[in-house]
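Open the model in your viewer and keep the selection tool at hand. The stops below follow one after another.

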Amino acid sequence: MSSRIPPVLRPEHPASRPLSRLVDEFDLDLRGSADGVEITGITLSSTEVRPGDLYVGLRGAKAHGASYATDAAAAGAVAIVTDEEGAELSADAGLPTIVVENPREALGELSNWVYRTREDSPLIFGTTGTNGKTSTSYILEGILKQLGLVTGLSSTAERHIGDLTVVSRLTTPEASEMHALLARMREAGVRAVALEVSAQALTWNRVDGIVFDVVAFTNLSHDHLDDYADMEEYFRAKLPLFDPDRAKRGVVSLDTAWGARVVEESRIPVTTISALPEVDAEWRVEIIEESAERTGFRLTGPEGRTLETSVPLIGWHMAANAGLAIVMLVEAGFELEAIGQALDADGGIRAYLPGRTERVSGDRGPSVYVDFGHSPDAFENTLAAVRKFTTGRTIMVFGADGDRDATKRHEMGRVAAEGSDILVITDHHPRFEDPTSIRATLLEGAALAEHQPEQTLEVSPPEAAIRAAVNLAEEGDSILWAGPGHQDYRDIRGVRTEYSARDEARAALREAGWE
Ligand SMILES: CC(=O)N[C@H]1[C@@H](OP(=O)(O)OP(=O)(O)OC[C@H]2O[C@@H](n3ccc(=O)[nH]c3=O)[C@H](O)[C@@H]2O)O[C@H](CO)[C@@H](O)[C@@H]1O[C@H](C)C(=O)N[C@@H](C)C(=O)N[C@H](CCC(=O)O)C(=O)O
């Protein structure tokens with residue numbers, strides 16, 4: 001049985017290390033005395049300090065972490081690492097202070113020192129790209145489990161330590177949290193870990209201090225242009241993962257043209273894969289069988305290596321993700337034959353992906369899928385997969401994130417209109433934006449589509465939107481609710497209200513008499 005516990009995980013039996021040794025080993029500028037100071041943990045949030053912590057005060061977009069040093073000290077922090085400005089801000093806390101130029105850049109190595117993460121490290125797999133990171137990581141974890149290893153996972157949806165499930169806040173946690181998680185995994189005997197690595201994680205040093213055995217690039221498409229000036233900058237944010245200081249080998253999907261650019265710029269040995277027939281790659285994924293439950297595919301690689309298998313997931317993009325996961329394992333030294341046997345054993349891989357084109361409906365009535373996709377490219381893939389197995393109409397329900405990349409909204413609306421028979425535009429996480437104006441932009445985008453749905457509705461809030469969709473649906477129709485996926489909250493003006501699209505969809509089906 002898995003259980004859910006709060007997200008900030010620390011090792012249960014942390015080792016204690018003297019501050020004086022840290023100062024000596026890194027030749028740090030210490031102000032105050034290190035005498036008798038012992039470090040057992042590290043954090044960058046005053047609200048998460050535990051006694052014995054090294055508190056790292058870094059400048060954020062809203063505040064300087066060092067201004068919370070007094071709170072951190074009261075909670076048991078024994079020293080602070082910060083910059084010159086932070087040293088002044090934290091003077092009243094009376095903590096021994098280490099001054100570095102850029103505390104964020106120091107965080108990964110400091111966290112590795114505190115938790116000795118690289119000692120006796122498990123195999124670490126890292127996946128980056130716009131779409132498919134979570135699915136690839138879950139599939140990797142599923143295969144590794146079937147190969148008999150105790151596994152760990154860090155994803156947008158959840159974090160896993162063996163059989164323990166923990167909710168996740170960011171796709172890739174901050175470096176101090178990431179290293180604590182890896183230390184906790186080591187205590188639990190984890191021997192292989194699948195980590196999702198966002199572009200933001202690379203930009204903000206969240207995976208510093210970790211050496212990946214195999215990394216992978218899935219694809220790149222329009223997203224996150226609020227954090228990056230343009231696609232080129234977003235692309236360049238991914239490249240540090242393909243650096244010898246960080247990773248040993250890589251697998252690159254050529255399914256988007258950006259893959260070839262990764263190959264060109266990679267500084268580690270990489271192999272290539274594609275699920276597109278027109279693309280020339282070392283490994284090829286070819287769909288051989290598709291149903292509304294499973295996708296079967298043939299994977300062929302260098303030296304005549306071949307594997308025929310299937311995954312309990314729908315759409316060619318899921319076969320592409322599975323192929324990528326398998327080649328990552330081959331690159332890590334696993335035999336393709338053993339992977340094939342593991343995949344087939346026990347009725348096939350149990351790659352349960354929460355909220356990834358997850359069917360939440362029963363046997364009667366319309367099929368309802370909840371998906372996490374929130375980019376035009378993700379919409380296109382999931383809509384195509386759902387349409388393929390729908391005898392009736394395809395109804396799409398979606399909204400867009402507030403305070404996140406607004407430049408993709410027109411294209412989201414257009415792609416959704418292009419692929420659906422009925423479109424229901426609603427809200428997602430408005431955050432501090434006006435949901436009415438977000439919906440207006442999505443509607444403008446929908447109007448740009450060449451193919452227009454039979455009906456386009458604007459319904460707010462989302463619980464009313466899914467009910468409107470279910471009420472319009474008939475037996476044989478499919479409803480795709482894209483955006484919320486596995487999430488269990490909505491962010492409205494900075495307040496996270498408990499909310500589950502999966503539960504709302506099931507309730508709507510029940511109320512309509514389908515369940
Ligand atoms: C835009 C962004 O990435 N912001 C990150 C940033 O927040 P910030 O600069 O606003 O921080 P701040 O509030 O000014 O605080 C500064 C410092 O004071 C500390 N603090 C703050 C308040 C307090 O009471 N005590 C305290 O110690 C904070 O921990 C922080 O270290 O530093 C925070 C703590 O380190 C991060 O949690 C926060 O990520 C936020 C939550 C976020 O949503 N990030 C998104 C954009 C993100 O990273 N997304 C990717 C997307 C992946 C994908 O789509 O696949 C991800 O990996 O999740």
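**The open sheet**

Start with the sheet in this predicted model: six strands in the order β20-β21-β25-β22-β23-β24 make up an open sheet with mixed pairing. Select β20 (358–359) and β24 (455–458) next; both stand at the edges with a single partner strand each, so one side of each has no neighbour in the sheet.

Now show β21 (residues 367–371) and β25 (residues 478–482) together. These two strands run parallel and are joined by five bridges. Which residue of β25 is the bridge partner of Y369? Label L480 to see that partner.

**Helices on the sheet**

Add helix α12 (residues 376–388), which packs on the sheet and touches β21, β22 (394–398) and β25. The direction of α12 makes about 165° with that of β25. Then add helix α15 (residues 462–472), lying across β22, β23 (422–425), β24 and β25. Helix α15 runs at about 175° to β22.

**The domains**

Colour the protein chain by its domain assignment: domain 1 (4–110), domain 2 (123–347) and domain 3 (358–511). Between the C-alpha centres of domain 1 and domain 3 the distance is 43 Å.

**The ligand**

Finish at the ligand and select the 19 residues around it; G60, K62, G65, T171 and S198 come nearest. Which domains supply this shell? Domain 1 (4–110) and domain 2 (123–347) each contribute at least three residues. Coloured by residue type, the shell shows seven nonpolar, 10 polar and two charged residues.

Terms used:
Residues numbered from 1 in each chain as written. Predicted model: local features only at pLDDT ≥ 70, side-chain atom pairs only at ≥ 80, totals over all residues. Near = placed C-beta within 6 Å. Nonpolar A, V, L, I, M, F, W, Y, C, P; charged D, E, K, R; others polar. Domains from an automatic or database assignment. Pairing = 2+ DSSP bridges. Helix = DSSP H or I, 4+ residues; strand = E, 2+ residues; numbered from the N terminus. Contact = placed C-beta atoms within 7 Å. Axes fitted to C-alpha atoms, helices over the stretch in contact; angles between N-to-C directions.
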